[in-house]
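Visitor: Could you take me through one part of this model in detail? I would like a close look at the largest pocket and what surrounds it.

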Amino acid sequence: MRFSHDKSGLIGPLLWVSSIQYFIVQLVVIAAWTVPHSWANNFISDLGNTECGMYAGLPVCSPLHLLMNISFVTFGITMAIGAPYVQRQFERTKLSRLAFGLMMLSGLGTVLVGLFPENTINALHMTGAVLGLGVGNLSVLLLGIALKDVHPAVRAYTVVSGMFSLVAFALFATEVHFGIGRGGMERLISYPFTLWMITFGFYVTLVRIRARS
C-alpha cells in the first residue's frame with residue numbers, strides 16, 4: 001500500500017467504516033413497524049416503502065421510511081465518494097481502476113434506491129438495486145483479485161465475500177431461496193457487502209495509522 005502524507009488518506013476508509021449506520025438504522029426502522037416484519041420474507045426495501053398496505057403479497061407499514069431512505073442515500077454517497085480516496089492507497093492498475101469505478105457506480109445505484117422507494121418509480125428503484133447489489137459485489141470480487149498488496153487474509157476475505165454474494169444474487173434473481181425466504185436471500189447479497197466495506201475501511205485505517213506512527 002502507498003500513502004499520501006496528508007490526512008485526506010483517511011477520508012475514504014472512514015467513510016466506508018461509517019456504513020455501519022446502514023445496519024443500525026434498519027434495526028431502528030424495523031422496531032417502529034406497525035405490522036409484523038419478517039426477516040425471511042420482507043425485502044430490505046420494504047423498510048423504505050412510503051405507504052401502508054399490501055406490497056408484493058405482504059403487509060407493509062414503515063412509519064420511519066424517511067429515515068431508511070436517508071440511510072440508503074447516505075450509504076450510497078459514502079460508498080461512491082469513499083471509493084476514489086481508498087483507491088489512492090493502492091497501486092493503480094486497469095483492473096483496480098475498473099473495480100473502484102464499479103464501486104462508485106454501485107454507490108450511485110444505492111442512492112437511487114433511497115430516492116425512489118419501491119412503491120414509487122419501481123423501474124428506477126430496481127435499476128438502483130441491481131447496481132447497488134450486483135455491480136457492488138462484482139467490484140468487491142475484482143478488488144480481491146486486483147489488490148495484491150493487502151494482507152493475504154484480507155484479500156482472501158474480499159474474494160470470498162464477492163463470490164458468495166454474487167452467487168446469492170444469481171439465486172435471488174432466479175427465485176431460488178433454499179428455505180430462507182426472498183428477504184433472507186436478499187440479505188445474503190446485501191449484508192456481506194456492507195460488512196466487507198466496514199471491515200476493509202477499518203483495515204485500511206489501521207494500516208495507515210500504524211505506518212504513520
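**The largest pocket and its surroundings**

Guide: Happy to. The largest pocket holds about 450 Å³ of space, and please keep in mind that this is a predicted model. Its lining is made up of 25 residues. Those nearest the centre of the pocket are Ser45, His125, Ala129, Leu133 and Glu186. Helices α3, α4, α5, α6 (152-173) and α7 each give two or more residues to this lining. The largest share is from α5, with eight residues. Sorted by class, the lining has 15 nonpolar residues, eight polar ones and two charged ones.

Now for the packing. The largest nonpolar core has 36 residues, and those touching the most other members are Trp16, Phe90, Phe100, Met103, Trp196 and Phe200. At least two core residues come from each of α2 (20-31), α3, α4 (94-115), α5 (122-146) and α7 (181-212). Here the largest share, seven residues, is supplied by α7. Take Phe200 as an example: beyond its neighbours within four places in sequence, Phe200 is in contact with Trp16, Val86, Phe90, Leu147, Val150, Val154 and Thr158.

Let me finish with a residue of α3. Ser71 sits in this helix, which covers residues 65-87. Ser71 counts as buried because its relative accessibility is 3%, and buried means under 20%. Setting aside neighbours within four places in sequence, Ser71 has contacts with Gln21, Tyr22 and Val25.

Notes
Residues numbered from 1 in each chain as written. Predicted model: local features only at pLDDT ≥ 70, side-chain atom pairs only at ≥ 80, totals over all residues. Heavy atoms only, no water. Helix = DSSP H or I, 4+ residues; strand = E, 2+ residues; numbered from the N terminus. Buried < 20%, exposed > 50% of the residue type's maximum accessible area, 1.4 Å probe, protein only. Contact = heavy atoms within 4.5 Å. Core = buried A, V, L, I, M, F, W, Y, C linked by side-chain atoms within 4.5 Å. 1 Å grid on protein atoms, 1.4 Å probe; cavity = no way out; pocket = protein on both sides within 12 Å on 5 of 7 lines; lining within 4 Å. Points joined across faces, edges and corners; volume = space filled by probe spheres on them. Nonpolar A, V, L, I, M, F, W, Y, C, P; charged D, E, K, R; others polar.
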